[in-house]
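Student: I would like to learn how to read a structure that I have not met before. Could you take me through it one feature at a time?

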Amino acid sequence: MVIVARNEERNLPRCLASVRGWTDEIIVALNGTTDGSETVSLAAGATVRHLPWRGYRDTKNNALALARNNWILSLDADEEVSPALQREITAFLAGDAHERFSGARFPRKVWFIDRWIT
């Protein structure tokens, strides 16, 4: 599980709580953070790495390279995994589907300007 963040001290606790206890690892890749993001991440049991910002795509890819597993969940700090999604991911990885596929996607719900976008 990998999160790229900059100054997300307020959002990280909710995000980290949604993946704690069922993911093999939690890596928070910080770039130019000046708030308490590192302290929050470490307190939640995450491994923290500092990466330079190289644009969204390249920074995400550099952060993904820090993970040790073949299957990696990548979240933004303001996102969280619902209990239903956790069950789906856990079931997917428990079966043989993760051996037959090279990727997976799932529907997202986004809260934007006071409304859900699905």
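Tutor: Let us start with a single residue and its contacts, bearing in mind that this is a predicted model. Leaving aside residues up to four places away in sequence, Leu-93 touches Trp-71 and His-98.

Student: Where does Leu-93 sit, and how far along the chain is Trp-71 from Leu-93?

Tutor: Leu-93 belongs to helix 4, which covers residues 83–94. Trp-71 is 22 residues away along the chain, yet the C-alpha atoms of the two are separated by 8.7 Å.

Student: Is Leu-93 buried, partly exposed or exposed?

Tutor: A residue is called buried under 20% relative accessible area and exposed over 50%, with partly exposed in between. Leu-93 counts as partly exposed because its relative accessibility is 38%.

Student: How should I read the sheet, and in which order do its strands lie?

Tutor: When reading a sheet, one follows the order of the strands and their pairing. Here four strands form an open sheet in the order 3-2-1-4, and the pairing is parallel. Strand 3 (47–50) and strand 4 (74–76) stand at the edges with a single partner strand each, so one side of each has no neighbour in the sheet. From one strand to the next, the twist averages 25°.

Student: How many bridges join strand 1 to strand 2?

Tutor: Strand 1 (residues 2–5) and strand 2 (residues 27–30) run parallel and are joined by four bridges. As one case to find in the view, Ala-5 has Leu-30 as its bridge partner in strand 2.

Student: What is the volume of the largest pocket, and which residues are closest to its centre?

Tutor: For a pocket, one looks at the volume, then at the lining. The largest pocket holds about 730 Å³ of space, and of the 28 residues that line it, Trp-71, Ile-72, Leu-73, Ile-89 and Leu-93 are the closest to its centre. Helix 4 gives the largest share of this lining, seven residues, while strand 4 is also a contributor, with at least two residues. Sorted by class, the lining has 15 nonpolar, eight polar and five charged residues.

Student: Which residues lie nearest the centre of the second largest pocket, and how does its lining divide by class?

Tutor: The second largest pocket has a volume of about 550 Å³. Its lining is made of 15 residues, and nearest the centre lie Glu-80, Arg-108, Lys-109, Val-110 and Trp-116. By class, this lining divides into eight nonpolar, one polar and six charged residues.

Notes: Residues are numbered from 1 along each chain as its sequence is written. This is a predicted model: local features need pLDDT of at least 70, side-chain atom pairs count only at pLDDT 80 or more; totals for chains, interfaces and linings use all residues. Side-chain values use heavy atoms; hydrogens and water are left out. Buried means under 20% relative accessible area, exposed over 50%, partly exposed in between (1.4 Å probe, protein chains only). Contact means heavy atoms within 4.5 Å. Two strands pair if DSSP finds at least two bridges between them. Axes are lines fitted to C-alpha atoms, for helices over the stretch in contact, and angles run from 0 to 180 degrees between N-to-C directions. On a 1 Å grid over the protein atoms alone, a cavity is a set of points where a 1.4 Å probe fits but cannot get out, and a pocket is an open set with protein on both sides within 12 Å along at least five of seven lines; lining residues have an atom within 4 Å of a point. Grid points are joined across faces, edges and corners, and a volume is the space filled by probe spheres set on the points. Ala, Val, Leu, Ile, Met, Phe, Trp, Tyr, Cys and Pro count as nonpolar, Asp, Glu, Lys and Arg as charged, and the others, Gly among them, as polar.
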